[in-house]
Amino acid sequence: MLPRGFAWLVRGAVWLVATGLLALLLTFDATGHVDSALYDINMRHWTYTPGNDVVIVAIDPSSLTKLGRWPFPRLLHARLINRLTDDGVRAIGLDITMTTPDAAHPAYDKALASALRRNGHVVMPVFAEPTDLGGTLEEMLPVPGLAREAAAFGQVDVDESTDGISRGVYLMAGLGQAYWPSLGLALYRQDHPRHPSAQLPGLRNPMPTGESPYLWIRDYYALLHYAGPSGTFGRVSYADVLDKKVPPSLLKGKTVLIGATAEGMRDIVRTPDGLMPGVEYQANILESLQRGLLLTPLGFTLQLVVGAIVLSVPCLLYGLPGFRRLWSVLLVGMLLPLASSLLLLRALGWWWPPTACVLTVAIAGAAWWLLVRPAGTAINATPA
């Protein structure tokens, strides 16, 4: 039997070694793929029904059949926006790139500019791409005649993890400095013009300003609480709105996102719930902002702090009544990280990946069994 003080000293040493191992696992992201899978499973069972304030005007197969090949003439976009303005929509997110003028029909650009000016609340996209193969990045905005009439711009950068799945969003991004809001955030600010970046949720970039003005800088990374799989948000067909087949009551006072949903138009995002059109990805950003549902992933320091606290529990339990056998302590020690991760996510909106902590408990338990127990250091025989 070990003296009480020495027993606690051994517990403390085990906790320190375990915390060091956890820090190593976190540094090398050794369990990242497993954590991502656990997160995806959790989010697929944590969906919700979105409100009716966000409506997608979909460039769907029916619209392509009725209106012809893509891209549509900009005169059609002008007619659509005028129709939405007449129906009393609150704001419009035009998730369609228009970076070059329509040289064949310059009057169409003028008609679209007039429609943008008449509405006054149309947000247009901005993105970055190299000017030449292997060249430097350049921000691509709408042509000047349209850009002058847009109410705001929103970047349409889609975050992808190493497995190609988009679990979150960078709310701010830009060349050299993160100054463009995401398209969903830019739309949100049409109703909340005084909403400052300082109040945004998400994980901050420790270096929000790049060393080069040609580097794409991202900031305020938040995990999306997707409402559900593709098709969860209300959709109406682009062609049906043009043909007045959609009652104005379905659109009045709504925030509208216009974008492609038809397969083959390349605007597809992989999410934990499957493939989703980019326009619905933006709708999820907007809905999450409106409801305060964006989730914050914990950074390295907070991950380690939470993990160290969780790891202290099995060290404190070992030897107490009901926990004198190693297997009982290991069971609690391996289940506690999973329960803690779920609680933090659901109650506080924090994502703490638990797998590194579970693995640490398993390794520490195995080492204890192989190295300490044969030496006769039976801490479980020591009164607590």
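The side chain of R74 makes a polar contact with the side chain of D109, at 2.9 Å. I should say at once that this is a predicted model. R74 belongs to helix 4, which covers residues 74–86. A polar atom of the R74 side chain also lies 2.7 Å from the backbone oxygen of T100. Is R74 buried or exposed? Its relative accessible area is 12%, and the cut-off for buried is under 20%, so R74 counts as buried. Setting aside neighbours within four places in sequence, the residues in contact with R74 include M98, P101, Y108, L112, V143 and L146, along with T100 and D109.

I turn next to helix 9, residues 278–291. At 1.5 Å a residue, its 14 residues should span 20 Å, and the end C-alpha atoms are indeed 20 Å apart, which agrees. Helix 9 is mostly covered, with 12 of its 14 residues buried. Among them are E280, Q282, N284 and E287, as well as V279, I285 and L286. After helix 9 comes G292, with a positive phi near 70°.

The last topic is the surface. Which residues form the nonpolar patch there? They are V34, L38, W327, L331, L335 and L338, and together they have about 580 Å² of accessible area. Helix 2 (32–44) and helix 11 (326–348) each contribute at least two residues to this patch. Helix 11 gives the largest share, four residues. One residue of helix 11 is L338. Because its relative accessible area is 38%, between the limits of 20% and 50%, L338 is classed as partly exposed.

How values were computed
Residues are numbered from 1 along each chain as its sequence is written. This is a predicted model: local features need pLDDT of at least 70, side-chain atom pairs count only at pLDDT 80 or more; totals for chains, interfaces and linings use all residues. Side-chain values use heavy atoms; hydrogens and water are left out. Buried means under 20% relative accessible area, exposed over 50%, partly exposed in between (1.4 Å probe, protein chains only). A polar contact is a pair of N or O atoms within 3.5 Å; within protein, one must be able to donate a hydrogen and the other to accept it, and residues adjacent in sequence count only if both atoms are side-chain atoms. Contact means heavy atoms within 4.5 Å. The expected span of a helix is 1.5 Å times one less than its number of residues. Patches are made of residues with over 30% relative accessible area and no salt bridge: like charges are joined within 9 Å, nonpolar side chains (Val, Leu, Ile, Met, Phe, Trp, Tyr) within 5 Å. Accessible areas come from the Shrake-Rupley method with a 1.4 Å probe; for residues, only the protein chains shown count as cover. A salt bridge is a side-chain nitrogen of Lys or Arg within 4 Å of a carboxyl oxygen of Asp or Glu.
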